[in-house]
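Student: Choose one part of this model and look at it closely. Start with how the chain as a whole makes its contacts, then narrow down.

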Amino acid sequence: MSDPSADATPSAGDAPGSGGGPPAWHRISGWIDRTERFLGATFLALVLLLVLVQVLQRITVGSGWAWTGEIAKYGMVWSTFILAGHLLRRGLHLRLEVIDRWLGPRSERLVTRLTDALVALICIGLTWAGYGLVTAPFVGAAPASGLSLRIVYLISVVGLGLTALAATGQALFGRPGDDRRAKSGPAVEGAI
């Protein structure tokens, strides 16, 4: 059994660009990561505030503004898309380690880079499709708030684009914990 202190996954305090790659990539990746965290936290705070307003209105008045629930739902979706790149960069997405336990460190890095390249391609395709929604002439407005659906779609497209950028960087330069993972072995023996 491996030492838990030598866990292979990067912690939240690890620098997002501590893998390989040029210093400029480290700076850009770090800046994007901080921006994603700020925007994600802002959207989550918005959700919390709007849900609190809804609860207070229902307790005191008995009914609430319909737009607060609608914007809260959009805020949750926005935070999901914006934080996807941050989670990918930190290695915090769910991961099945079925194949990893039979691979050596070098093969595991190769599979991880191929996976990141596949994620990048999928996110690029989704970004392209989402851009089509943002620029479509028939886009309307949200029913309760009147918020333009272009804004709703645009934030999701930006999040997908940032995730594609993170996955592309990891496919090219490696993940932040790749060197540690090679030295320490799997985080938990027999992990699935």
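Tutor: Long-range contacts (a contact means heavy atoms within 4.5 Å) dominate: of the contacts in the protein with a separation of 6 or more, 77% join residues 24 or more positions apart. The model is predicted, so local features need pLDDT of at least 70 and side-chain atom pairs count only at 80 or more, while totals for chains, interfaces and linings use all residues. Numbering runs from 1 along each chain as its sequence is written, and side-chain values use heavy atoms, without hydrogens or water.

Confidence comes next. Mean pLDDT (the predictor's confidence in each residue, from 0 to 100) is 83 for the protein, and 81% of the residues reach 70 or more. Residues 1-18 fall below 50, and this stretch has 34 contacts in the model beyond near neighbours in sequence. Residues 180-192 also stay under 50, with 27 contacts beyond four places in sequence.

Now the overall build. The protein has 5 helices and 0 strands. These are DSSP runs numbered from the N terminus: H or I of at least four residues for a helix, E of at least two for a strand. From the N terminus on, the order is α-α-α-α-α. Of the 192 residues, 35% count as buried. Buried means under 20% relative accessible area, exposed means over 50%, and partly exposed lies in between, with a 1.4 Å probe and protein chains only. The accessible surface comes to about 11300 Å², and carbon and sulfur atoms hold 71% of it. Areas follow the Shrake-Rupley method with a 1.4 Å probe; for residues, only the protein chains shown count as cover.

The part to look at is helix α1, residues 23-60. It has 38 residues and spans 55 Å from first C-alpha to last, close to the 56 Å expected at 1.5 Å a residue. The expected span is 1.5 Å times one less than the number of residues. After α1 comes G62, with a positive phi near 100°.

Which residues of α1 are buried? They are W25, S29, G30, I32, D33, E36, G40, F43, V47, L50, Q54 and Q57. Their cover includes α2 and α4 (149-173). An α-helix has 3.6 residues a turn, so residues three or four places apart point the same way.

Take D33 in that list. At 1% relative accessibility, D33 counts as buried. It carries charge partners on its own helix and on α2. The rule for a salt bridge is a side-chain nitrogen of Lys or Arg within 4 Å of a carboxyl oxygen of Asp or Glu. By this rule the count comes to 5.

Within α1, D33 pairs with R37, closest N and O atoms 3.7 Å apart. The two are 4 residues apart in the helix, about one turn. R37 is partly exposed at 37%.

Across to α2, R89 meets D33 in a salt bridge at 3.1 Å, N to O. R89 lies in α2 and D33 in α1, so this pair ties together parts 56 residues apart in sequence. R89 is buried too, at 4%.

R90 also bridges to D33, with closest N and O atoms 2.7 Å apart. Here R90 belongs to α2 and D33 to α1, so the pair links parts 57 residues apart. Both R90 and D33 are buried. Through shared partners, salt bridges join D33, E36, R37, R89 and R90 into one network.

Another link runs from α1 to α2. W67 sits in α2, residues 66-90. Leaving aside neighbours within four places in sequence, W67 is in contact with L50, A144 and S145. L50 is among the buried residues of α1. W67 and L50 are 17 residues apart in sequence and 9.2 Å apart in space, C-alpha to C-alpha. W67 itself is partly exposed, at 36% relative accessibility.

Past α2, look at the surface. L96, V98, I99 and W102 form a nonpolar patch with about 480 Å² of accessible area together. Patch residues have over 30% relative accessible area and no salt bridge; like charges are joined within 9 Å, nonpolar side chains (Val, Leu, Ile, Met, Phe, Trp, Tyr) within 5 Å. V98 lies in the loop between α2 and α3 (105-134). V98 is partly exposed, at 35%.
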